[in-house]
Amino acid sequence: LILDAIKENAKQFIFFEEELKLLRVCGFFITMNPGYAGRTELPENLKALFRSCAMCVPDLVFICENMLMSEGFVVARALAQK
């Protein structure tokens with residue numbers, strides 16, 4: 001229903017007998033960590049409604065080096081290692 005309203009550029013739509021305004025600036029995000037015990041996979045019909053995005057561990061040394069350089073530190077690389 002919601003996807004149909006978006007495709008039609010509707011301002012409002014009926015959802016379970018209630019009229020709702022469609023806000024195009026709103027988004028939904030799902031975080032899944034299926035490797036943990038007790039977690040279940042998202043059903044395929046729900047997975048199809050969302051785009052997947054891969055995440056990685058940030059390089060904290062690189063981030064710290066850039067922050068230090070932006071503050072004027074000359075030996076930022078050595079300091080970022082600590």
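Here are some questions and answers on the aromatic pairs, salt bridges and largest pocket of this predicted model. Residues are numbered from 1 along each chain as its sequence is written, and side-chain values use heavy atoms, without hydrogens and water. Local features need pLDDT of at least 70 and side-chain atom pairs count only at pLDDT 80 or more, while totals for chains, interfaces and linings use all residues.

Q: What makes Phe13 and Phe15 an aromatic pair?
A: Rings of Phe, Tyr and Trp (its six-membered ring) pair if their centres lie within 6.5 Å; planes under 30 degrees apart count as stacked, over 60 as edge-to-face and the rest as tilted. The centres of Phe13 and Phe15 are 6.3 Å apart and their planes differ by 70 degrees, an edge-to-face pair.

Q: Why is the pair of Phe15 and Phe16 called edge-to-face?
A: Their planes stand at 85 degrees, with the ring centres 4.8 Å apart, so the pair is edge-to-face. Together, Phe13, Phe15 and Phe16 form one aromatic cluster.

Q: Why do Phe13, Phe15 and Phe16 get their burial labels?
A: Buried means under 20% relative accessible area, exposed over 50%, and partly exposed in between (1.4 Å probe, protein chains only). Phe13 has 11%, so Phe13 is buried. Phe15 has 30% and is therefore partly exposed, whereas Phe16, with 69%, is exposed.

Q: How do you know that Lys47 and Glu44 form a salt bridge?
A: A salt bridge needs a side-chain nitrogen of Lys or Arg within 4 Å of a carboxyl oxygen of Asp or Glu. For Lys47 and Glu44 the N to O distance is 3.4 Å, so they meet the rule. Because they sit three residues apart in helix 2, about one helical turn separates them. Lys47 is partly exposed at 32%, and Glu44 is exposed at 59%.

Q: What makes Glu65 and Arg77 a salt bridge?
A: Their side chains meet at 3.1 Å, N to O. This pair links distant parts of the chain, with Glu65 in helix 3 (residues 60–70) and Arg77 in helix 4 (residues 76–80), 12 residues apart. Helices here are DSSP runs (H or I, at least four residues), numbered from the N terminus. Glu65 is buried at 11%, while Arg77 is exposed at 58%.

Q: Which residues of the lining lie closest to the centre of the largest pocket?
A: They are Phe28, Phe29, Leu49, Phe50 and Arg51, out of 28 lining residues.

Technical notes:
1 Å grid on protein atoms, 1.4 Å probe; cavity = no way out; pocket = protein on both sides within 12 Å on 5 of 7 lines; lining within 4 Å. Helix = DSSP H or I, 4+ residues; strand = E, 2+ residues; numbered from the N terminus.
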